[in-house]
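Reader: I would like to learn how to read a structure like this one, step by step. Could we have it in front of us before we begin?

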Amino acid sequence: MTDLQNAVLCCIERERLEFEWLEVRTRGQYVRRLRRLSRAEQAEWDRREQEALRRLADYDPEHRCNG
Ligand SMILES: [Zn+2]
């Protein structure tokens with residue numbers, strides 16, 4: 001595999017993780033606006049958001065190209 005192909009795959013993976021995080025965050029904000037969430041539901045959304053953000057942060061050290 002060429003460096004260029006590696007770079008493209010690397011960037012697609014990072015973009016996917018970033019998209020997942022943004023999506024879970026947006027959905028969490030949306031459901032909070034729709035109705036009052038229980039404490040457990042709020043904690044669940046917070047947990048999902050933190051988890052997505054952690055996956056993104058974990059990936060960053062492996063992301064060696066500038067895409
Ligand atoms: Zn990349």
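Reader: How many helices and how many strands does the protein chain have?

Author: Before counting, please keep in mind that this is a predicted model. The protein chain has two helices and zero strands, and helix 1 covers residues 3–34 while helix 2 covers residues 39–59.

Reader: What is the radius of gyration of the protein chain, and what would a compact globule of 67 residues have?

Author: For a compact globule of 67 residues one would expect a value near 11 Å, but the protein chain has 15 Å. The spans of the C-alpha trace along its principal axes, about 50 × 20 × 15 Å, can be read alongside that value. Burial adds another view, since buried residues make up 3% of the 67 residues in the protein chain.

Reader: How should I read the packing of two helices, and at what angle do helix 1 and helix 2 pack?

Author: In general, two packed helices are described by the angle between their axes and the distance between the axes. Here helix 1 and helix 2 pack at an angle of about 165 degrees, and their axes are 9 Å apart. Angles over 145 degrees count as roughly antiparallel, and helix 1 and helix 2 are therefore roughly antiparallel to each other. The crossing of helix 1 and helix 2 is left-handed.

Reader: Which residues of helix 1 meet which residues of helix 2?

Author: On the side of helix 1 the contact includes Leu 17, Glu 18, Trp 21, Val 24 and Gly 28, and on the side of helix 2 it includes Trp 45, Ala 52, Leu 53, Leu 56 and Tyr 59. Sorted by kind, the residues of the contact of helix 1 with helix 2 divide into eight nonpolar, one polar and eight charged.

Reader: Taking a single residue from that contact, is Leu 56 buried or partly exposed, and why?

Author: A residue is called buried if 20 or more other C-beta atoms lie within 10 Å of its own. Leu 56 has 18 other C-beta atoms within 10 Å, and so it is partly exposed. Leu 56 lies in helix 2, and, not counting residues up to four places away in sequence, Leu 56 touches Leu 17, Glu 18 and Trp 21.

Reader: Ala 57 is also found in helix 2; why does Ala 57 count as exposed?

Author: A residue is exposed if 12 or fewer other C-beta atoms lie within 10 Å of its own, and Ala 57 counts as exposed because it has 11 C-beta neighbours inside 10 Å. Separation along the chain can be set beside separation in space: Ala 57 and Glu 18 are 39 residues apart in sequence and 9.4 Å apart in space, C-alpha to C-alpha. Elsewhere in helix 2, where Ala 43 has its place, the C-alpha atoms of Ala 43 and Tyr 59 are separated by 24 Å, with their positions 16 residues apart along the chain.

Reader: Where is the place of Leu 37, and which residues is Leu 37 in contact with?

Author: Leu 37 has its place in the loop between helix 1 and helix 2. Leaving aside its neighbours within four places in sequence, Leu 37 is in contact with Val 31, Arg 32 and Gln 42. Leu 37 is partly exposed, because it has 14 other C-beta atoms within 10 Å.

Technical notes
Residues numbered from 1 in each chain as written. Predicted model: local features only at pLDDT ≥ 70, side-chain atom pairs only at ≥ 80, totals over all residues. Helix = DSSP H or I, 4+ residues; strand = E, 2+ residues; numbered from the N terminus. Rg over C-alpha atoms; globule rule 2.2 N^0.38 Å. Axes fitted to C-alpha atoms, helices over the stretch in contact; angles between N-to-C directions. Parallel < 35°, antiparallel > 145°, perpendicular 65-115°, else oblique. Left-handed = near helix turned anticlockwise from the far one by under 90°. Contact = placed C-beta atoms within 7 Å. Nonpolar A, V, L, I, M, F, W, Y, C, P; charged D, E, K, R; others polar.
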